[in-house]
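Here is a short tour for anyone who likes to read a fold piece by piece. Please keep the 3D view open as you go.

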Amino acid sequence: MVIGFDTAAWSVGRRAKRAGKKFVLDQSVAHPLSRAGAVRTTGGDKDLWPEAFLPRLGIVREAEMEEHRMADLVVVASSFTKQTLVENGVAEGKVRVLPYGVGEEWLAAGRGRFAAPAPGNRPFRFLYAGYLTKRKGLTTLLEAWEEMGLADAELHLIGGGELDRACPSNVVLLGQTPREKLLREMSETDAFVFPSLFEGFGLVILEAMATGLPVITTPHTAGPDLIEPGKEGLIVPAADVRALGHAMMTLRGDPERAREMGRAAHATALCYTWDRYGEGYVGLLGELYAEGGPTEAPRHC
C-alpha cells in the first residue's frame, strides 16, 4: 500500500498501480477548482478573494485529476473538502472524512481554564488566528467588527501578512507568534472567530475548542463536523457581515453562555486526539483489503 498527498503523489501513484498496490490519497485541502464557486455562493466576486479566480496551471490540474482517478481511497479531514471533490468529479464512494486531532497541550489548557474562576476586570475578548488574508474572511471580520461598534470588547488578530485597512483601537495586531504564545492567547480569550471562505479543515478551530473557547466559523471549514450550532459555537454563512456581527454580539452579550459553550467545545475536542485519528486511519486502510472496499470512517466518540 502507498499513501501520497494531493498534488505531490501522481508519480508515486503511478508506480503503486504498476506494482499492483493500493494507492491512498490524503487530500489536505478542498478542491482548488471549487474556490471561485465557493466565493460566488456567498454573493461575492473577485474583490472578495481575487486568488480564487486565478486559472490553474494545466500541468497541476492534470496531476490532480490523475491522483483522484488512480486513488483507491481518498482521505479528507472535513465534509466540506469531500463536497468539493465530489462536485469536481471524484467518485463519492471512495472519499472518506476523518477529522484531524489535537495535541494534549491544548486540552490541558482547557482543563486549566475551567479549574479557575471566570476572568474579570477586562473587556470581553475575541481572538482570530491565521494568515491575515481575504481567503480567511478578514475583510468580513473587520467590517462586522466596525458595525458592532463595541467599545467594551477587544479583537486580537494573530498571524502573518498585512491588512489593507486601518483598525479601531480595540483591534490588537499581534503578528506571527510561536505556538506557545498562541496557546497563551487562547487561554486568555473568551471566544474564537474564524470566518474563512475556504478551508480543508482549519486545525486552529479544534485547538481553540480544546482550550475551552466557543467558536464562530463558517460552513466552508471543518466547523460543521465539530460544532453543533448553539452548543460548542456558532456557524454563520461565509462572507455574511451581518450574521457574523450578530454571532459576536450574541456571545458578547451573554458571557456566561459563552463560557458554557466553551466548556462544551472542550468536551467535544476530547474526542479528537491524534491517537484516535491514527486509529481511524488504520481502520480505513484495513478496510481496503476487505471485500467491498473501505467503509465509512469510524466516529471519534
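What follows looks at a few strands, a helix and a phenylalanine in this predicted model.

Let us start with strand β2, residues 23–27, where five of the five residues are buried. Phe-23, Leu-25 and Gln-27 lie on one side, with Val-24 and Asp-26 on the other, so both faces of β2 are covered. In a regular strand, side chains alternate between the two faces of the sheet. The table lists the partners of β2.

| Partner strand | Sense | Bridges | A facing pair |
|---|---|---|---|
| β1 (residues 2–5) | parallel | four bridges | Val-2 and Phe-23 |
| β3 (residues 73–76) | parallel | four bridges | Leu-25 and Val-74 |

Between β1 and β2 comes helix α1 (residues 10–18), and together they form a right-handed β-α-β unit.

Next, have a look at helix α5, residues 104–115. Its twelve residues should span 16 Å at 1.5 Å a residue, and the 17 Å between its end C-alpha atoms agrees with that. Buried in α5 are Trp-106, Leu-107, Ala-109, Gly-110, Arg-113 and Phe-114. They sit on the same side of α5, because they cover an arc of only 155° around the axis. Their packing partners are α7 (179–187), α8 (203–210) and α11 (255–269).

Finally, is Phe-124 of strand β5 (residues 124–129) buried or exposed? Its relative accessibility is 7%, so Phe-124 counts as buried, the cut-off being under 20%. Among the residues that Phe-124 touches are Asp-152, Asp-190, Leu-251 and Pro-255. Phe-194 lies 70 residues away along the chain, and its C-alpha atom is 17 Å from that of Phe-124.

Technical notes. Residues are numbered from 1 along each chain as its sequence is written. This is a predicted model: local features need pLDDT of at least 70, side-chain atom pairs count only at pLDDT 80 or more; totals for chains, interfaces and linings use all residues. Side-chain values use heavy atoms; hydrogens and water are left out. Helices (H or I, at least four residues) and strands (E, at least two) are DSSP runs, numbered from the N terminus. The expected span of a helix is 1.5 Å times one less than its number of residues. Buried means under 20% relative accessible area, exposed over 50%, partly exposed in between (1.4 Å probe, protein chains only). The arc is that of the directions from the helix axis to the C-beta atoms. Contact means heavy atoms within 4.5 Å. Two strands pair if DSSP finds at least two bridges between them. A crossover is right-handed if, with the strands pointing away from the viewer, the path from the first strand over the helix to the second runs clockwise. Lists of a residue's contacts leave out its neighbours within four places in sequence.
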